[in-house]
Structure formats: C-alpha cells, structure tokens
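Trainee: Could you take me through one part of this structure closely? I would like to look at how its aromatic rings pair up.

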Amino acid sequence: MLRCCSRFAYFWHRTAAPLYSTWARNVHFLLGLAGLSTLSAVAGPVDSAVSNPVAGPSSVMAMSLDELLDVNVDKVYGAARYEQLVSQAPASVSLVTRDEIQKQGYRTLADVMRSVNGVFVTDDRNYSYVGFRGFNRPGDYNSRVLLLVDGHRMNDNVYEQGLYGTEGFLDVDVIERVEVIRGPSSSIYGDNAFLGVVNVITRRGRDLNGLEATGEAGDNETFKAGLAYGKQFTNGLELLITGSFYDTAGESSIFFPEFNSPTNNNGVAKDVDADRAGHVFSTLSYGDFTLSGGWAWREKFVPTASYATLFNDGSEKTTDARGYVDLKYDHEFSESLRVIGRAAYDVATYEGVYPYAGTPTPVLNMDDSDGESFSTDWQMNWRLAERHLLVFGADYRENLQLQQRNFDENPPALYLDDERDGRNYGLFAQAELSLMTNLLFNAGIRYDHYSSFGDTWNPRLGLIFAPLPGSTFKLLYGEAFRAPNAYEQYYSYPGQAKANPDLDPETIRTYELVWEQELPWDLRLRTAGYYYDIDDLVSQVIDPNDDLAVFQNFESVNARGLEIELEKRAACGFVTRLGYALQRTEDEDSGSELSNSPEHMVKLNLIAPLYPEKVYLGLDLQYYSPVKTVMGGESDNVFLAHLTIFSRPLAKNLELSASIYNLFDERQGFSASNEHLQETIPLPGRSFRVKLTWRF
Amino acid sequence: MRTPSPDHFAVGRRAVGAGRLSSWLARWLCGLSCFVLSAQAGPLLEETATKLENQVKAAFMIKFAAFIEWPEPDGSQTNAPFVIGILGKDPFGNDFDDAVRSERVKGRRVELRRASKPEELQDCQVVFVADSEQAHLAEILQVYRERPVLVITDEPGAVQRGSMINFFKEHGKVRFEFNLTTAERAGLKFSAKLLQVGKITVPPPADERSRP
C-alpha cells in the first residue's frame with residue numbers, strides 16, 4: 001500500500017509537477033504520506049500500554065510491572081548534541097548495539113552500516129563508501145556523512161573522509177553503540193552533516209571491568225588478535241585501554257574480465273589483496289574530565305589496478321593513519337545548566353603507491369596527504385522551566401597542516417607539493433520547546449565561517465507530535481552544506497588536473513516526514529518519506545579551455561524516497577527487523593538516475609535464540625536492485641546473506657562465535673568509480689571466521 | 001586518491017538562491033503559529049530521556065516491594081513507613097518525592113531517605129546505590145550484610161558482585177537481573193511473578209550446588 005502511494009506520488013510529480021512550485025510539491029508529497037499514515041494508524045489497533053514519548057512522572061508511577069517493562073527509553077546523543085529519547089529526536093534514527101554486533105558477527109563499522117535500513121555501502125577493495133538515501137556517488141570519499149567517535153569529529157581535514165572498513169579508526173570490539181541519524185544536521189555540526197550523521201559510542205572502563213582477550217581466524221589467512229582492559233577504580237578514576245592487530249592475505253585470485261589478456265595474467269589478480277591494520281584506543285576519565293585518544297593504521301594492497309596502474313603488479317597500495325588526542329570537560333552547574341567543552345589535536349595521513357610501466361623497473365608514483373588540526377568546541381545546555389532546552393555552542397578548527405604531494409620515486413620527479421593552512425568556526429543555537437504535552441518544536445540554526453570561501457547559514461526545524469500513546473510523527477525541514485575540501489580545491493597534476501581555490505560549498509535542502517508506531521505483539525513500525533534537493537554539487541569536469549580536469553560547483557540532484565521498517569523484539573531474545581527502502585534520485589540537468597543508487601533495498605535482520613540465554617543465531621540478508629554504473633550500463637541484482645552462531649560464556653568466561661559471510665557466494669558488485677577500468681567491482685566471495693573472547 | 005579521468009564537461013555555475021532561508025523561516029513560523037493557536041493548551045509534561053529512564057527505575061523500585069517478602073522481626077512495626085534509601089548522588093530528584101507521596105507499599109506509606117554513608121541507611125527496606133558510589137560497592141554490601149536490606153544497583157556487573165537487583169537496558173527497555181544468593185542471605189523472598197519478569201543472573205546457593 002505504501003509502495004503504491006509512493007508510485008502515485010512519483011506519477012504525480014512527473015505529470016503535474018510543472019503546475020506547482022518545488023515548495024508546494026514537497027509539501028503535498030509529505031501531506032499525502034501523512035494522510036496515509038494517519039489512516040493506517042486509526043485503522044490498526046493501538047496498544048495502550050506502550051510508551052508515550054512525552055509521558056509524565058505520575059503516569060509512569062501509575063503503570064503496572066508489565067507496562068513498565070514495555071516503556072521504550074532508547075536514547076540518541078548525536079541528533080541534537082544532547083541525550084534525548086529517539087522518539088523526540090528531530091530525525092529518523094537507527095541504533096545498532098554491541099549485542100547485535102556480536103550476534104551478527106559484524107567485523108567493521110562498514111558491516112554495521114550495511115545492516116541499517118536505507119544505507120548503501122560499497123567497497124572498491126580499497127575503501128568502503130557509505131551512501132544514504134540513494135546518494136553514493138562513485139569516486140567520492142564519504143565526505144557527506146559526518147562520522148563521530150564519542151562526539152569527536154572523525155572526517156579528516158584534507159579529504160573530509162570518514163573511514164568505515166578495515167581502515168576505520170576503531171576496532172569494532174570497542175564499540176558499545178552506533179547511532180545512525182538520517183538527514184541534515186549542519187544546524188548543529190556544520191560541515192559534513194549533509195546526508196546523515198554516524199555517532200559511534202565506545203565502551204566504558206566499567207563495561208569491561210577487567211581484561212578481555214580476543215582471537216579470530218578465518219580463511220584467506222585472516223587473523224586478528226585484540227586485548228582490552230577496563231576498570232573503574234574506587235577513587236572514581238575510570239580507564240579503558242584497547243589494542244588490536246588484523247592481518248589477511250585477502251583473496252588469492254580475483255578475476256577481472258576487463259583485463260583478460262595474456263599480458264595481464266589473463267585477468268587474474270594473484271595474491272594482491274592483502275590488508276593489515278592496527279588499532280590503539282584509550283579513554284581515561286576522572287570527575288568532569290575525559291581524556292581520550294587513539295591511533296589507527298591500515299595498509300591495503302589494491303588488486304583493481306585503479307588509475308591505469310600496472311595490473312597484477314603487487315605494489316599498488318594505500319596506507320592510511322588516523323590519530324587524535326581529545327580532552328573533554330563536562331560539568332553540570334545545576335540541574336538546568338550544563339557546559340561541555342573539548343580541545344583536540346587530530347592527525348590524518350594517506351600514502352598511495354601507484355606502479356606505472358617503466359624500464360628497467362616500473363616507476364612508482366607516490367601520492368601523499370598529511371592533515372593536522374587543532375580544534376575546540378564549546379556548548380552550553382540550558383533547561384528552562386524544566387521543559388524547554390536551549391543549546392548554544394561555538395566550534396573552532398585551525399587546520400595547522402593541509403599537505404598534498406605527488407612524486408615519482410625513481411627517476412625522481414615532483415608533480416605536486418601543496419601546503420596550506422586554514423581555519424573555520426561555527427556558532428549555533430538550538431531550542432527544543434515543549435509546546436504541549438504531546439507536541440515538541442525543535443529549531444536550530446548555525447553560522448559557519450571558512451577562511452577559504454566565506455560564510456554559510458544552515459537551519460533545521462522539526463515538529464514532533466505524539467497524537468496517541470506509542471505513535472509519533474515528525475515533520476522535519478533542514479538545510480546543510482559541505483565545504484569544498486583541500487583535495488578538491490588544491491590538487492593538481494601537470495597536464496592532467498588543475499586546482500580551483502574558488503569552489504563554493506554544496507548545499508542540500510531536505511523535507512521529511514517520519515512516522516513511528518508501536519503496534520501490538522511487540523511490533524514497531526518506522527517509516528520515513530523524504531525529498532531532498534542538492535545544489536552546487538562539487539564535480540570533476542574538463543575545462544574546455546585547457547583540457548584540464550578541475551572540480552566545479554556544477555551538478556544539481558534531487559531525490560525522494562520512502563523507508564519502512566518493521567521490528568519485533570520478543571522477550572525471549574528473538575529480534576526480527578525487516579527494512580525496505582525505495583529511492584529515486586535524479587540528476588537535474590540530464591534527468592537521469594544517479595549512478596550507484598539502487599531503487600530498492602530490502603534488509604532482513606534476524607536474531608534467534610537457539611538455546612535460551614546461551615546460543616544465538618544471527619542472520620543478515622540484504623537485497624539491492626541493479627544500479628546504474630558510471631560507464632552507463634547496469635549492474636545485476638545483489639543478494640547477500642551472512643550467518644553467525646554466537647554463544648555467550650561457553651565454558652567459564654569464554655565466548656565463541658562462528659560466521660559465514662556471503663553465504664551464497666554472490667560476486668556481482670556495484671558500480672566502480674571512473675578511476676577503474678572495471679564497470680563493477682566484484683564482491684569478496686564466501687568466507688568464514690571463528691572468534692573467541694576470554695574474560696579475566 | 002589521484003585525479004580520475006573526468007567524464008563530463010563544464011557548464012555554467014548555479015547561483016545559490018538568495019533569501020531562501022528567511023522565506024522558509026517565515027513560512028514555518030506562520031504554519032507553526034496556526035497549528036498552536038488551533039490546538040488546545042494542555043499541561044506541559046515533557047520528559048527528558050534520562051528523566052524518563054529514571055522514572056521507570058523509580059517506579060520499579062516501588063513495584064518490587066509488592067513482590068518481595070521481608071522478614072518481619074516485630075509485627076508492631078507494620079505501621080512504620082516503608083523506607084527507600086538513596087545512597088550517593090540522587091539521580092531521581094524531587095519528582096520521586098512527589099510520586100511516592102500517594103504511594104502505599106503493603107499498606108504502609110513510603111518514605112525516601114538520602115545519605116552519603118551506607119551506615120545512615122541501615123534501617124531502610126530498600127537501598128539504591130547511585131552511580132557515584134558504584135566504585136565502593138564491595139564496602140557498601142559489607143555494611144548491609146546479613147541485614148534485611150534490598151540493595152538495588154544500576155551498573156553492569158554489580159549483580160555478580162553482590163547487589164540483589166541490578167537494572168540494565170535491553171532493546172531500549174529497562175530490565176533487571178537478580179542475585180538470589182545474596183537476597184536469600186538477607187532473608188528476602190522474591191515471588192515467582194517477579195522472578196518470571198527478571199533475569200536470574202546468580203541463582204540461590206541450593207541451585208548452585210545441584211548444578212553439575
């Protein structure tokens with residue numbers, strides 16, 4: 001029925017659109033959805049015992065034991081920079097907990113993101129790319145999704161790239177919870193919070209309360225070992241210290257039909273898929289202060305011969321490192337006034353090695369970047385008359401170093417050595433006003449200033465309405481921006497590419513209606529209908545005057561879609577989540593669909609207890625409809641299945657999990673970016689992993 | 001991240017729509033004011049996330065009493081108030097006082113007592129150990145050892161260390177787990193209904209012995 005509605009909406013847009021302004025169209029689209037939602041809400045039975053997002057103390061106290069067990073207290077921090085109930089957040093939010101990460105055998109943050117409804121993750125056997133709501137342009141570097149670790153900004157300052165795969169900053173075992181917040185949040189975060197925000201919350205020392213050792217092994221000579229220690233001491237000091245190392249030989253042979261010639265080993269890339277990573281992360285907190293920091297390093301050999309490098313040579317690789325030290329101060333001056341401040345130093349480096357034909361040995365071209373920054377963020381949360389909340393804040397970032405280099409090692413040749421610095425600051429204000437017992441108004445606006453392009457203002461408005469217990473509607477509007485990064489502004493290469501320091505930020509406007517409904521039999525329904533419009537997209541084009549590639553604010557894109565998720569969480573430990581996303585993207589100039597934008601995605605997450613409280617089965621099924629490739633063709637349907645058996649303490653303090661990834665050995669991949677000769681990049685084949693965790 | 005070979009040609013740049021923000025704000029504010037004026041004003045009871053969770057926990061603490069039997073050393077004391085102690089930095093605030101005013105536990109009125117030292121709460125029927133005191137849990141449990149005091153905590157692992165009921169969160173809902181060994185030692189009897197809705201993390205000593 002919902003699908004019909006969206007089809008109707010689509011038809012309506014196509015035929016009657018010229019009669020309406022963009023604004024009127026969007027409002028009608030959302031109103032149509034609202035009408036449908038309300039109808040369904042009235043038609044379906046409503047469980048009166050479920051939680052009202054805006055229930056008062058007396059109503060909670062009057063509940064029975066069973067009713068209390070049913071109150072949903074799911075919280076999210078990243079949607080508004082303070083802790084709030086998910087039902088009250090001005091966004092559509094999904095949470096993935098450590099419990100699910102263990103039971104589903106997720107290996108990286110990219111695996112976690114893949115399981116989330118409406119999120120589309122691709123992998124070119126080098127980096128993972130996270131797309132939201134139909135937007136995952138091949139060749140872009142995750143700069144339109146803000147990635148946070150405990151509120152600390154993780155997008156680096158040269159590429160503004162968030163790292164999710166084995167290149168990610170955190171080992172997945174350190175993660176307590178992942179908050180996935182859809183939609184724009186530039187009104188509180190500024191840059192990168194364009195399509196969504198991912199806030200990763202790490203485990204606390206007390207959650208471990210001792211030493212934990214993990215060991216993993218899998219096929220393709222995959223090994224991982226980790227050690228973690230956490231404790232809260234009697235003097236109040238809390239410590240977490242973790243470290244891990246991962247090593248895999250990767251797939252021993254990968255066939256790329258595009259390279260199928262005798263000079264290229266008949267298209268087989270042999271033993272050139274290795275991956276190594278090391279992670280260290282620690283937090284130390286005492287009273288109002290938390291000192292956290294970490295270092296992650298990853299070296300990936302690239303089997304795809306991207307950028308027209310030598311095929312099956314074995315020396316193409318990328319090495320990324322990311323580290324930070326962050327000191328956070330969080331003090332409650334009174335019940336109504338809280339001040340949070342932080343100061344941090346960040347570093348991110350990238351080093352690429354690209355082999356090209358040469359005599360007598362191949363020429364190695366090196367492509368490096370080095371970003372260093374100092375930042376400080378301050379915010380004040382001020383609660384008024386117990387029911388309104390005002391947040392004021394200021395963020396400042398000084399880019400101490402933005403360096404990009406490109407050179408050949410032997411014979412030596414320097415093509416690029418660009419060093420920059422820069423700074424930006426933002427000021428924001430946000431109000432959450434409780435207008436009635438069941439109506440919240442959330443409004444925020446942020447001003448950002450960049451030394452490179454100047455100023456930008458971004459608002460976000462949300463009305464959150466709970467007409468009946470267990471039923472929430474959110475009507476949302478937001479604007480966001482993405483600042484052009486140093487790579488887009490200053491990268492150049494003689495005879496091929498030139499810099500463009502005059503780039504403007506990209507902008508997005510998003511309209512959204514979210515409906516969350518608690519249903520009988522422990523069922524929960526979440527739907528979101530959205531429309532967004534992106535202007536001034538930074539795209540690479542050829543300047544006809546000199547035939548050089550250059551980034552320009554050039555394309556415009558609009559998209560609309562619908563996300564529906566039905567979840568059942570039974571008391572016995574059964575969890576089923578079925579998600580469907582329908583998304584239609586359109587390049588406004590050509591009228592065609594964007595590449596790497598599947599129209600349909602279906603995700604089924606199942607956790608079933610095989611032996612109560614002890615052994616669980618995790619099943620993660622994903623379906624993606626064909627996508628348009630950069631070359632103009634179409635990829636195939638993709639069907640992925642991952643299976644995990646997880647056991648809680650098997651012997652005393654020993655946890656075991658066994659997983660099979662890509663159970664049906666699906667090899668069809670998604671669109672490659674245009675630095676590849678391949679049209680699509682094949683997915684890694686079936687593999688297994690066994691993991692043991694000891695607690696001391 | 002080298003420069004890929006580009007596949008489009010440049011066309012003219014688009015200007016950002018000026019005045020977009022102000023016109024949108026105006027539309028929203030207008031719409032909002034219409035909405036508010038047409039709706040009836042009601043009592044304002046908006047709850048914050050942490051507050052709601054604490055209210056649920058507070059409500060549980062009151063409800064538990066109906067499903068637990070305390071050893072009654074002296075029948076004459078039944079008219080005395082049922083006392084819930086909060087040890088350390090109180091997370092519940094004044095709301096809890098307002099809420100318990102009308103509550104009755106087994107016909108007795110409920111009294112809240114707050115303290116920073118466990119010795120000051122020895123006569124309570126229930127003691128909630130707040131976050132600020134978690135690190136001292138072992139010493140606190142020593143103070144109430146062998147006394148009919150129901151010790152409740154809100155901390156991972158606390159129930160293994162001897163707390164009788166510990167709150168935890170599962171799938172976004174507040175759950176609780178029991179240590180029946182320490183509860184039995186204190187002379188507290190949990191009803192079957194209560195055991196059914198919570199999780200028995202530490203079974204009573206008899207069960208422990210009978211296990212293989």
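Mentor: Happy to! Keep in mind that this is a predicted model. Over all chains, the structure holds 37 aromatic pairs. Let us start with Tyr415(A) and Tyr493(A), whose rings form a tilted pair, 4.9 Å centre to centre with 35° between the planes. Tyr415(A) belongs to strand 21 (residues 413–436) of chain A, while Tyr493(A) is in the loop between helix 9 (486–490) and strand 25 (506–519) of chain A, so this pair ties together parts that are 78 residues apart in sequence. The two partners also differ in cover: Tyr415(A) is partly exposed because its relative accessible area is 25%, whereas Tyr493(A), at 13%, falls under the 20% cut-off and therefore counts as buried.

Next, look at Tyr487(A) and Tyr491(A). Their rings meet edge-to-face, at 5.3 Å centre to centre and 65° between the planes. Both Tyr487(A) and Tyr491(A) are buried. This pair also belongs to a wider group: ring pairs link Tyr487(A) and Tyr491(A) into a cluster with Tyr127(A), Tyr129(A), Tyr141(A), Tyr159(A), Tyr350(A) and Phe551(A).

Some rings have a charged group for company as well. Arg420(A) lies over the face of Tyr490(A), 3.9 Å from the ring centre. Likewise, the charged end of Lys103(A) sits over the ring of Tyr616(A), at 3.8 Å from its centre.

Notes. Residues numbered from 1 in each chain as written. Chains lettered and ligands numbered in written order. Predicted model: local features only at pLDDT ≥ 70, side-chain atom pairs only at ≥ 80, totals over all residues. Heavy atoms only, no water. Phe/Tyr/Trp six-rings, centres within 6.5 Å; stacked < 30°, edge-to-face > 60°. Helix = DSSP H or I, 4+ residues; strand = E, 2+ residues; numbered from the N terminus. Buried < 20%, exposed > 50% of the residue type's maximum accessible area, 1.4 Å probe, protein only. Lys NZ or Arg CZ within 6 Å of the ring centre and 35° of its normal.
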